[in-house]
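Visitor: I should like to learn how to read a structure of this kind, feature by feature. Please show it and begin.

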Amino acid sequence: MSNEQNLVVEGKLSDNERIKRESKLLRGTITEDLSDDITGGFTSDNFQLIRFHGMYQQDDRDIRAERQKQKLEPLHNVMLRARLPGGVITPQQWLVIDKFAKEHTMYGSIRLTTRQTFQFHGVLKPHIKSMHQTLNKTGIDSIATAGDVNRNVLCTSNPIESDVHQQAWQWAAKISEHLLPKTNAYAEVWLDGEKVDSTQEDEPILGTNYLPRKFKTTVVIPPLNDVDVHANDLNFVAIAENGELIGFNVLVGGGLAMTHGDKSTYPRKADDFGFIPLDKTLDVAAAVVSTQRDWGNRVNRKNAKTKYTLERVGVDTFKKEVEKRAGVVFEETRAYEFTERGDRFGWVKGIDDKHHLTLFIENGRILDTEASPIKTGMREIAKIHQGDFRLTANQNLIIAGVPEDQKSAIQDLAEQYGLIHPTVSKQRLDSMACVSLPTCPLAMAEAERYLPDAVTEIEQMLAKYGLPDESIIYRVTGCPNGCGRAMLAEIGLVGKGPNKYNLHIGGNRNGTRIPRMFRENISDVEIMQTLDELIKKWSEERQEGEAFGDYVVRANIVAPVINSAEDFYDASVS
Ligand code: SRM
Ligand code: SF4
C-alpha cells in the first residue's frame, strides 16, 4: 500500500551502510588484505567491498566439511563477474579469458550467466590482481557487477540483426557507463593506478554511500522479452518507427527475490511509467537511480530494492519525482507487445549480409567433457572468427557477424566440438537453472547439477502424453533469491533444503505473469509425480496451442498472481 508521507525509512541503518560510508569510496583496506598470506580470504568489511569490484568470496561447499575435519580454513577463493553491457565480447577477449580460466581457476570453466556476462569460479588470492590486469589489458573490467550499484546492463540479444538492435545495444553501453561508480578505487587497487584522495572525489549519481541495494537495468526490443524485464529495477523498452529507434517506454520496479518465511518479501513486476524520447534516456536513468538512492530503505536490506520503494511511497509519487529530477514528463506508453522469450537457436542472417549462430550452452557452463569438448571448440572458433560473440540473458552464446565465406568453417567446428546439438529438445532449450552448489554460499538445494536429469524426466513425460514437440518454460533456482528467474517460469522450482523445493506453476510464456506456489517443500520424486499428473491433464484438456502455464490458470489449478504485493502469499486464492 502506498504512503506518500513515508519517503525515507527511519531507524538504525544496516551495517552495510556503515561499510560503504567508511570505505573511502570503495577502497577499504583491500590492498592490505591482498598481501596478507595468512588467510586465503578477505577480512571484515573487505569481504563486502570486493563485491563492488565484481568479486565474491566463496569456498567449495563439497569439500568444506572435510577441510573442517582436518582443521583447515575453508578453501577461500573468489568468483569474478565481468562487466559486458549487452553481453558483447570479441574473439581476442575470449581467447584471453579461456586461457585464464584454464591456467588460474580451480574449476577451469567459464560460466555464462543469466545477465549476459561470464564468471570465473575459484580464483585463489595470489591470482586475483593479475586477473584484473589481464582482463584490463584486453579491455574488460568487472566494475559494479556486484554490490549496491547499477549492475551489468542487459540488451536483447542478436543486436546486429537490424539497425534497431545495433542502436539499442549502443544505448545499453551508454547507460552502463553513465551509471558506473566514478571513484578511482578499482584502478588504484587492481591496476596500480595513481592514488587519488577519496575526499576530493564525488559520486554524482550513485552518491558516496552508493545505493541501498543492487540495481538492475535492461534495454529490451519487443517482441522478444529475452532479458525478462520484470526481474529488473529499470527497463527501457525500445520503440522504433520506420526502422529507427525513437525512444523508450520506461518500466520501473521489477524484481524476483524473496526470503522463505518472510512475507514482506515477494517477487514483483515492473510498473509502466510511460514513453520518453531518446535524448532523455540518460537523464531518466539517473533520475530513477537517484530517487531510489534517496528513498530506498537503508534500514532493512530485505526491503531495500526499488520494488519495495515503489510499494511504500506509491508508484505515482516515485514517477513524479523522476519527472522532476529528469526534467521530463512521461508521455503515454507507446504500443508494444512481448510475444516470445528465450533465444532463437541456429543461424539467422542479419544486416550487412552477415550471419549469426546461436548456440545452446547447457547451464551456461563452458567446460570440456569427453562427450562435448565445448571449451576447446569455442577456443578454435575464436581463433578464426572475424565477428564477435554475444552472451544471452539465458546463459547461451551467439557467434555474431560471420561472413558468408566463413559460415561453413564455423558450422563444422561447432559440430565437431559438440556445440551444436541436432537432437536437443525444445524442452531443454526452454529450461534454465542458477549456479547453486557447490560454489554458491546461499544455496539451499541443487540447481545447475540437478537440471539436466530433471529435464530428461520432463521430456519423457511430454513424449508419454503425446506432446514431444511441446515445451514448458522450466526453471530451477537453488534458493529464493531467484537467480535462475524461476519466478517468471511456467514451472519454477525454488530450493528450500537438501532435495526440497517449493513448486510454483502458472507463469506465462512471455514472462509477464508470476507463478504461484502449488506445493511446498517437496522432494524431486514428489515434484516429478506432481508434474506427471499436471502434464497428463494438460495433454487431455488443453485448448489448441494452449501453453502449460495458461492451462493451469484457466483450469483453476492455481489462481493467477495479479498483484504480488497483495496476493502472492494469499492461500485463499490458490
Ligand atoms: Fe544472483 C546472489 C549468482 C542473477 C538475485 N547470485 C547471488 C550470488 C552472488 C550469491 C552470493 O550473494 O554470495 C550467486 C553466486 C553463485 C555462484 O557461485 O556463481 C548468484 N545471480 C547469479 C547468477 C550467476 C546465476 C546464474 O546461474 O546465471 C546470475 C549472475 C547475473 C550477473 O551476471 O550479474 C544471477 N541473481 C540473478 C537474478 C536474475 C536476473 O537478474 O535476471 C536474480 C533475481 C532478480 C532480482 O534481482 O530480483 C538474482 N542473487 C540474487 C539475490 C537476491 C537479491 C534480492 O533482491 O534480495 C542474491 C542475494 C543478495 O543479493 O543478497 C543473489
Ligand atoms: Fe545461489 Fe540462490 Fe542465486 Fe541460486 S538462486 S545462485 S542458490 S543465491
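Guide: In this predicted model, the C-alpha centres of domain 1 and domain 2 lie 31 Å apart. The domain assignment places domain 1 at 1–38 + 148–342 and domain 2 at 346–426, with domain 3 at 430–567.

Visitor: How many residues of domain 1 and of domain 2 are in contact?

Guide: Eleven residues of domain 1 touch 13 residues of domain 2, counting heavy atoms within 4.5 Å as contact.

Visitor: How is such an interface described beyond its contacts?

Guide: The size of an interface is often given as the accessible area that is lost when the parts come together. Here, domain 1 and domain 2 bury about 930 Å² between them, and 58% of this area is on carbon and sulfur atoms. Salt bridges between domain 1 and domain 2 number zero.

Visitor: Where does the second largest pocket lie in relation to the domains?

Guide: The second largest pocket lies between domain 2 (346–426) and domain 3 (430–567), because both give residues to its lining. The space in this pocket is about 590 Å³. Its lining comprises 24 residues, of which Glu362, Asn363, Arg365, Leu367 and Thr369 are the closest to the pocket centre. By class, nine of the lining residues are nonpolar, nine polar and six charged.

Visitor: Let us turn from pockets to enclosed spaces. How many cavities of 30 Å³ or more are found in the whole structure?

Guide: The search finds two cavities of that volume or more. The largest cavity holds about 40 Å³ of space. Ser157, Asn158, Leu224, Asp226, Asp343, Arg344, Thr358 and Ile398 form its lining, which by class has two nonpolar, three polar and three charged residues.

Visitor: Which residues line the second largest cavity?

Guide: The second largest cavity is bordered by Arg83, Ile143, Ala144, Asn150, Arg151, Asn152, Ser176, Leu179 and Leu180. Four of these lining residues are nonpolar, three polar and two charged. The volume of the second largest cavity is about 30 Å³.

Visitor: The same reading by class can be applied to a ligand. What classes of residue make up the shell around ligand 2?

Guide: Six nonpolar and five polar residues make up the shell of ligand 2, and no charged residues are present in it. Among the residues surrounding ligand 2 are four cysteines, Cys434, Cys440, Cys479 and Cys483. The shell of ligand 2 also includes Leu442 and Ala443, together with Ser436, Thr477, Gly478, Asn481 and Gly482.

How values were computed: Residues numbered from 1 in each chain as written. Chains lettered and ligands numbered in written order. Predicted model: local features only at pLDDT ≥ 70, side-chain atom pairs only at ≥ 80, totals over all residues. Heavy atoms only, no water. Near = heavy atom within 4 Å. Nonpolar A, V, L, I, M, F, W, Y, C, P; charged D, E, K, R; others polar. 1 Å grid on protein atoms, 1.4 Å probe; cavity = no way out; pocket = protein on both sides within 12 Å on 5 of 7 lines; lining within 4 Å. Points joined across faces, edges and corners; volume = space filled by probe spheres on them. Domains from an automatic or database assignment. Buried area = accessible area lost by both parts, 1.4 Å probe. Salt bridge = Lys/Arg side-chain N within 4 Å of Asp/Glu carboxyl O.
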